[in-house]
Amino acid sequence: MSQARLASSAIVERSGRFLLVRRGNPPAANLFAFPGGRAEPGETPAETALRELQEETGVIGRNPQLFETVELLPEPGVAGSHYLLSVFRVEADDTCVAKAESDAVEAGWFLPAEIFELPVPPSVRECVARLVALRDMSEA
């Protein structure tokens, strides 16, 4: 198996909605996902998450907290698609406006029920389900 490349993504939640982008390039082209991408040399995973969030949506994040790490196995026929993904919960101003930039084709805020109907990678579905369960437990 190929050596995993390092990548990070940012989960930003506002009023029960999560910020997602539709990817324009492989891997995961045309899928909706949390803003994120490959690490640059010398970056920490948290720095990667914040940089990718700003590059793909224009949103400036702060206070990244590691939520989970996921190994994304190679996609058949897609070279360089094996990643070790660090997923961070990130804070952002409630007034920030997200717009698709860089390799993002679309950006928007989605309710969990909407996310479960969108074409998303399994890791995004699992993170959202976990976050909803955590929120439900804290409200109980």
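**Exercise 1.** Determine which strands each supply at least two residues of the lining of the second largest pocket, and which gives the most.

*Solution.* Step 1: the strands are S2 (13-14) and S7, where strands (E, at least two residues) and helices (H or I, at least four) are DSSP runs numbered from the N terminus. Step 2: S7 gives the most, with three residues. Step 3: the lining comprises 13 residues, of which Ile 11, Val 12, Glu 13, Val 90 and Glu 91 are the closest to the pocket centre. A pocket is defined on a 1 Å grid over the protein atoms alone, as an open set of points where a 1.4 Å probe fits, with protein on both sides within 12 Å along at least five of seven lines; lining residues have an atom within 4 Å of a point. Step 4: the space in this second largest pocket is about 160 Å³, a volume being the space filled by probe spheres set on grid points that are joined across faces, edges and corners.

The model is predicted: local features need pLDDT of at least 70, side-chain atom pairs count only at pLDDT 80 or more, and totals for chains, interfaces and linings use all residues. Residues are numbered from 1 along each chain as its sequence is written, and side-chain values use heavy atoms, with hydrogens and water left out.

**Exercise 2.** Describe the largest pocket by volume, lining and residue class.

*Solution.* Step 1: its volume is about 740 Å³. Step 2: 36 residues line the largest pocket, and Arg 23, Pro 27, Ala 28, Leu 72 and Tyr 83 lie nearest its centre. Step 3: the elements giving two or more residues to this lining include strand S1 (5-11), helix H1 (45-57) and helix H3 (122-139). Step 4: by class, the lining has 18 nonpolar, eight polar and 10 charged residues; Ala, Val, Leu, Ile, Met, Phe, Trp, Tyr, Cys and Pro count as nonpolar, Asp, Glu, Lys and Arg as charged, and the others, Gly among them, as polar.

**Exercise 3.** Establish the partners of strand S3 and explain why S3 is largely enclosed.

*Solution.* Step 1: S3 pairs with S2 in the antiparallel sense over two bridges, pairing requiring at least two DSSP bridges between the strands. Arg 14 has Arg 17 as its bridge partner in S3. Step 2: S2 and S3 form a hairpin with two residues between them, and Ser 15 in the turn has a positive phi of about 50 degrees. Step 3: S3 also runs antiparallel to S8 (residues 104-110), joined by six bridges, with Trp 109 as the bridge partner of Leu 19. Step 4: two bridges join S3 to the antiparallel strand S4 (residues 32-33), where Val 21 stands opposite Ala 33. Step 5: S3 (residues 17-23) is largely enclosed by the rest of the structure because five of its seven residues are buried (under 20% relative accessible area, 1.4 Å probe, protein chains only).

Conventions. Buried means under 20% relative accessible area, exposed over 50%, partly exposed in between (1.4 Å probe, protein chains only).
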